[in-house]
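Student: Please give me a close look at one part of this model, with strand pairing and helix packing as the theme. I would like a single connected account, with every term defined.

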Amino acid sequence: MSLNYHFAPDALPAFRAMDVDLQEHVLDVLEDVVENPWRLQFDEGGTAIFDGEYISNDVRCVFFLTFLKDDEAGMLRILGIGAAKRPLDEPRM
Amino acid sequence: MSTIELLPSLGKPNAEQASAWIAAALAEAAALRRYDNRLFARSSESAEIESCKKVHAVWRKWADQAEAVLAHVRPLLDEGQKTIGVDDLESAVMRARAMLQLTPEGQARALEQARRGEGVDGREMRREVERRKAELARSGSRA
């Protein structure tokens, strides 16, 4: 059974601050994760973390997501989103 | 003296030294990731949040040191020398920096919100992103 997904209010500002390409990619990832929840490893409290990498317009971006699985509501609730990015042509750190 | 203080005084590393520093930083990150279940509290209890803050502090210190390692090996990269693990270490640093944007207190608050069922449906956020993308396309076509 696949889930729906839902953003907790405190997760929204970070998502809205992302550029639109990354927003789309994160939504694609979320839709894939709710279709395939086995990709997440939930702890005994029903929370999970997930990270991914994305390259767009010569910018490398790593994003980090936290979730709560709500079995009763059939929902994957997004608790937090963090992202770090670096232009590919930028001198290395 | 910590790694971050020592590296600038060591001068340009050779390939073997650079690989060893990168492998050491990656190994420490791999060990820290075994404690990912301690990054965020499952309740708003202050003791649990304080415990999570300690894990965050260790990750912050690791990221600072890993960036010092990357700066240390940069002369080799600038010369075009391949150094094993650089991309992996950069990804690990970016993951740590992304993770550290989420605070234990903020996550505990979001967890309470989620348990109360508060928030916005993903389909609504998809529509919001599509509207934003269309607006950007329109403003771009006018430019």
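Tutor: Two strands are said to pair if DSSP finds at least two bridges between them, and the elements themselves are DSSP runs numbered from the N terminus, helices being H or I over at least four residues and strands E over at least two. This is a predicted model, in which local features need pLDDT of at least 70 and side-chain atom pairs count only at pLDDT 80 or more, while totals for chains, interfaces and linings use all residues. Residues are numbered from 1 along each chain as its sequence is written, chains are lettered from A and ligands numbered from 1 in the order in which they are written, and side-chain values use heavy atoms, with hydrogens and water left out.

The sheet is open and has 5 strands, in the order β2(A)-β3(A)-β4(A)-β1(A)-β1(B), with mixed pairing. Its edges are β2 (47–56) of chain A and β1 (120–121) of chain B, each of which has a single partner strand, so one side of each is left without a neighbour in the sheet. Within chain A, strands β1 (residues 4–7) and β4 (residues 75–87) run parallel and are joined by 4 bridges, with Asn4(A) having Met75(A) as its bridge partner in β4(A). The pairing of β2(A) with β3(A), by contrast, is antiparallel and extends over 10 bridges; Tyr54(A) has Cys61(A) as its bridge partner in β3(A).

The hairpin of β2(A) and β3(A) has 2 residues between the strands. Asn57(A) lies in this loop and has a positive phi near 50 degrees although it is not a glycine; Asp58(A), also in the loop between β2 and β3 of chain A, has a positive phi near 60 degrees and is likewise a residue other than glycine. Asn57(A) counts as exposed because its relative accessibility is 64%, and Asp58(A) is exposed at 54% (buried means under 20% relative accessible area, exposed over 50% and partly exposed in between, with a 1.4 Å probe and protein chains only).

Helices from both chains lie across strands of chain A. Helix α2 (residues 20–35) of chain A lies across β1, β2, β3 (59–70) and β4 of that chain, at about 40 degrees to β3(A), whereas helix α5 (residues 104–115) of chain B lies across β2, β3 and β4 of chain A, at about 145 degrees to β4(A). Axes are lines fitted to C-alpha atoms, for helices over the stretch in contact, and angles run from 0 to 180 degrees between N-to-C directions; contact means heavy atoms within 4.5 Å.

Chain B also supplies a helix pair: α3 (residues 46–78) and α4 (residues 86–100) of chain B pack at about 150 degrees, with their axes 10 Å apart. That angle makes α3(B) roughly antiparallel to α4(B) (under 35 degrees counts as roughly parallel, over 145 as roughly antiparallel, 65 to 115 as roughly perpendicular and the rest as oblique). Among the residues making the contact are His56(B), Trp59(B) and Leu77(B) of α3(B), and Val86(B), Met99(B) and Leu100(B) of α4(B). His56(B), in helix α3 of chain B, counts as buried at 3% relative accessibility. Apart from neighbours within four places in sequence, His56(B) is in contact with Leu39(B), Phe40(B), Met99(B), Leu100(B), Leu102(B) and Pro104(B).
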